[in-house]
Amino acid sequence: GGLPAAQRGAPPDGTDSEAQARRGAAREAQPTMVVQSARHFLVRVEHLGENPEPLLVANLTSALRASVGELFGDVGLGCIASTLMVKYYCVPAGYVLVRAARKHAAKVRAAITTVRVVNKRPVRLSVVHAAGSKRTASRAMLARLERALAAHERRPGHAELGLCGSTELPSAAAIGPLVASTSGRDAAGDIRRVIRDLTNAEDWRCNS
């Protein structure tokens, strides 16, 4: 003669639905972590003019942003600029890493290859490696820097290291005139510094 099992111990009308609504609201209020995947480009920087002077990371960043704006307008630049990052520019070897959001990777790659002038100096930028993680891109750059350093040190008298036109790893035969360092240090010292920075870097650990 008792109540049905489904009704025994049931909360007052509306209590259960109200509790569920509160739990749902609490879940929606909790912050969610959004990890945005990125694409990393290893870019070759060739100076085309005579007696080239060194460029800075800021110069390359400005040129890339300007290229994005020319190709995709202010709206495209606004979407891409916040995820565009230029790091680890090795002046003597002529390599730099560029990071962008994966969804904008094709546009950024197009912008890289259309850059013709940086800080009023004629250049050619070419993507020699693309990777989905910072670690893979760093390894690709390290391999090229170590090869360039070895070729430089094999030359009699440590001949000055320069920029070759090929996108392949530089060989001893491809080493030419040095692009001067902004700090006045020798080429080998600058390459070793970038190798050390890449090896010890932690600043791209997120979204890599």
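Biologist: Which residue in β5 does glutamate 46 stand opposite?

Modeller: This is a predicted model, in which local features need pLDDT of at least 70 and side-chain atom pairs count only at pLDDT 80 or more, while totals for chains, interfaces and linings use all residues. Residues are numbered from 1 along each chain as its sequence is written, and side-chain values use heavy atoms, with hydrogens and water left out. Helices (H or I, at least four residues) and strands (E, at least two) are DSSP runs numbered from the N terminus. β1 and β5 pair in the antiparallel sense over 8 bridges, where two strands pair if DSSP finds at least two bridges between them, and in β5 the residue opposite glutamate 46 is arginine 124.

Biologist: How far apart in sequence are the parts that the arginine 124 and glutamate 46 pair ties together?

Modeller: The two side chains meet in a salt bridge at 3.3 Å, N to O, the term meaning a side-chain nitrogen of Lys or Arg within 4 Å of a carboxyl oxygen of Asp or Glu. Arginine 124 belongs to β5 (residues 121–131) and glutamate 46 to β1 (residues 38–47), so the pair ties together parts whose separation in sequence is 78 residues.

Biologist: Is glutamate 46 buried or exposed?

Modeller: Buried means under 20% relative accessible area and exposed means over 50%, with partly exposed in between (1.4 Å probe, protein chains only). Its partner arginine 124 is partly exposed at 40%, whereas glutamate 46, with a relative accessible area of 7%, is buried.

Biologist: How many residues of β1 are buried?

Modeller: Besides its pairing with β5, β1 runs antiparallel to β3, and 7 bridges join the two; in one of these positions, alanine 38 has alanine 101 of β3 as its bridge partner. The strand is mostly covered, and of its 10 residues the number buried is 9.

Biologist: Which residues are linked in a network of salt bridges?

Modeller: The structure holds 3 salt bridges. Arginine 193 forms one with aspartate 190, the closest N and O atoms being 4.0 Å apart, and another with aspartate 197 at 3.9 Å. The network therefore consists of salt bridges, as defined by charged-atom distance, among Asp190, Arg193 and Asp197.

Biologist: About how many helical turns separate arginine 193 and aspartate 197?

Modeller: An α-helix has 3.6 residues a turn, so residues three or four places apart point the same way. Arginine 193 and aspartate 190 both lie in helix α5 (residues 187–200), 3 residues apart. Arginine 193 and aspartate 197 are 4 residues apart in that helix, a separation of about one turn.

Biologist: What arc around the axis do the buried residues of α5 cover?

Modeller: Buried in α5 are Ala187, Ala188, Asp190, Ile191, Val194, Ile195 and Leu198. They lie on the same side of α5, because the arc they cover, taken from the directions from the helix axis to the C-beta atoms, is only 165°.

Biologist: Which elements are included in what covers the buried residues of α5?

Modeller: Aspartate 190, at 3% relative accessibility, is buried, whereas arginine 193 is partly exposed at 28% and aspartate 197 is partly exposed at 30%. The cover over the buried residues includes β2, β3 and α4 (134–154).

Biologist: Which element gives the largest share of the largest nonpolar core?

Modeller: A nonpolar core is a set of buried Ala, Val, Leu, Ile, Met, Phe, Trp, Tyr and Cys residues joined through side-chain atoms within 4.5 Å. The largest one has 25 residues, of which Val98 and Ile112 touch the most other members. Two or more residues come from each of β1, α2 (57–80), β2 (85–90), β3 (95–101), α3 (105–113) and β5, and the largest share, 5 residues, comes from α2.

Biologist: Which residues does isoleucine 112 touch, not counting residues up to four places away in sequence?

Modeller: In soluble globular proteins, nonpolar side chains tend to be buried together. With contact meaning heavy atoms within 4.5 Å, isoleucine 112 touches Phe41, Val43, Leu64, Val98, Leu125 and Val127.

Biologist: What percentage of the residues in the chain is buried?

Modeller: The chain has 5 helices and 5 strands, which run α-β-α-β-β-α-β-β-α-α from the N terminus on. Of its 208 residues, the buried part is 39%.
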